[in-house]
Amino acid sequence: MSARRVYIIDANSKHWTDTVNALSALYNVAYYSDQGAALDAIAFDPPTAVVLDENVLPRGGLPLLREICCVPDLDKLPIICTATSERNSFLADAIGLGVQTTLVKPFRRSALLQALSTEINGKIERSWVRIEPIQRAALRRTTQVFNGIAELIGQGAPLPYESVRDACEPLVEAVSADRYKDMLHGIREHDNYTYVHTLRMSIFLAVFGHAIGVRGNDLLVLAAGGLLHDVGKISVPHRILNKPDRLSDAEMQTMRSHVTNTSMFLRGSPGVPRGALAIAEQHHEKLDGSGYPHGLKGKELNELARMATIVDIFGALTDRRAYKEAMEPERALHIMARLGGLLDQYLVGVFRTVLLDAAKDFP
Ligand SMILES: [Fe+2]
Ligand SMILES: [Fe+2]
């Protein structure tokens, strides 16, 4: 179950049931209908976010909101306020108290998920102010570029590659100085899984590359390839991306289409280096030809892509997901060693040596 907890505070049973159903696959959800119980729970066991309705026993949502806003630390809690009408005075009062996100019922599940992600990520991104400048710059610039890519894909516009390369410069600088763990800490609770996964891929690829002597522009290509390798997942529906159970054949096909989507987007964008393209296009290929989308084998696989496949599998195993905790790096590396001829085991060995020391205090 997800470590991210969302409290839903709503005295209308039909409405809270809908909201619980909308969120329970992605968040650990608790429900309260009255002010006293909700405030106790928030104060003693603060959640990741709160969805607060106008309808709370005994006197509505506003007195509870006022109480929350008076408690130091809780005043920074991500809160989404809901009501049945846009003209509702509760929503206006909530905005007056500093609430930034309001939703009018009935709302779409996607609108609620989007609102929660924006609220949770806003809080996390503001906390990066405490991270040292170079790592903070790496996080801020890669987030901006990543969010920008989602918009470009939506508009059918090409990617200005220089913006990705420039955003990766502080990341590569931080990795080269062996100072990247605050970045890994900083994204631990971030709510955009594809961003978290691609940033971890970018950091680990740069760490891997730096350790085996890759420098300068080549190291930037590795980091950029990591950041871009899964951008086609932006078009894969949320419910498939976050499905904890085995995917059906049709769902698997949609999931796998992210490689072709990524490839089309990057090939339609001038200036993307061949190394970054190879990482994006071949990171699900396997040495024995059992991978996708082309079933490439042995020497047909680019060296950078072999590194990317290893880091991608390591990332997938050690990423935290809504439905699973992160696996220990040691165990992930052990599983990868047992994949035998599917991976370049010489490179797995090198990656293992590179990571084992660093991984002792991985977030
Ligand atoms: Fe992928
Ligand atoms: Fe990936």
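Mentor: The bounds of a domain are taken here from an automatic or database domain assignment, and for this protein the assignment gives domain 1 (5–123) and domain 2 (131–359). This is a predicted model, in which local features need pLDDT of at least 70 and side-chain atom pairs count only at pLDDT 80 or more, while totals for chains, interfaces and linings use all residues. Residues are numbered from 1 along each chain as its sequence is written, and chains are lettered from A and ligands numbered from 1 in the order in which they are written.

Trainee: How do you know where domain 1 and domain 2 lie relative to each other, and how many residues of domain 1 are in contact with domain 2?

Mentor: Taken over C-alpha atoms, the centres of domain 1 and domain 2 are 35 Å apart. Six residues of domain 1 are in contact with six residues of domain 2, where contact requires C-beta atoms, placed from the backbone, to lie within 7 Å. On the side of domain 1 that touches domain 2, the residues divide into four nonpolar, two polar and no charged; Ala, Val, Leu, Ile, Met, Phe, Trp, Tyr, Cys and Pro count as nonpolar, Asp, Glu, Lys and Arg as charged, and the others, Gly among them, as polar.

Trainee: What makes the protein, with its helices and strands, count as compact or not compact?

Mentor: The protein has 16 helices and five strands, these being DSSP runs numbered from the N terminus (helices H or I, at least four residues; strands E, at least two). Its radius of gyration is 22 Å, close to the 21 Å that the globule rule gives for 363 residues, and therefore the protein is as compact as a globular protein of that length. The radius is taken over C-alpha atoms, and the rule is 2.2 Å times the number of residues to the power 0.38.

Trainee: Why is Asp178 called buried or exposed, and what is the class of Leu342?

Mentor: A residue is buried if 20 or more other C-beta atoms, placed from the backbone, lie within 10 Å of its own, exposed if 12 or fewer, and partly exposed in between. Asp178 has 11 C-beta neighbours inside 10 Å and therefore counts as exposed; Asp178 sits in the loop between α7 (161–176) and α8 (181–186), and its phi is near 60°, a positive value in a residue other than glycine. Leu342, with 18 such neighbours inside 10 Å, counts as partly exposed. Leu342 lies in the loop between α15 (329–337) and α16 (345–359) and touches Lys286, Leu287, Asp288 and Ser290, leaving aside residues up to four places away in sequence.

Trainee: How do you know whether strand β4 (residues 79–83) is covered or uncovered?

Mentor: Five of the five residues of β4 are buried, which leaves the strand mostly covered. Ile79, Cys81 and Ala83 point one way from β4, whereas Ile80 and Thr82 point the other way, and all are buried.

Trainee: Which strands does β4 pair with, and what makes the unit of β3, α3 and β4 right-handed or left-handed?

Mentor: Strands pair if DSSP finds at least two bridges between them. Four bridges join β3 to β4, running parallel, with Asp53 opposite Thr82 in β4; four bridges also join β4 to strand β5 (residues 101–104), again parallel, with Cys81 opposite Thr102 in β5. The chain crosses from β4 through helix α4 (residues 89–96) to β5 in a right-handed β-α-β crossover, and β3, α3 and β4 likewise make a right-handed β-α-β unit. The term applies if, with the strands pointing away from the viewer, the path from the first strand over the helix to the second runs clockwise.

How values were computed
Contact = placed C-beta atoms within 7 Å.
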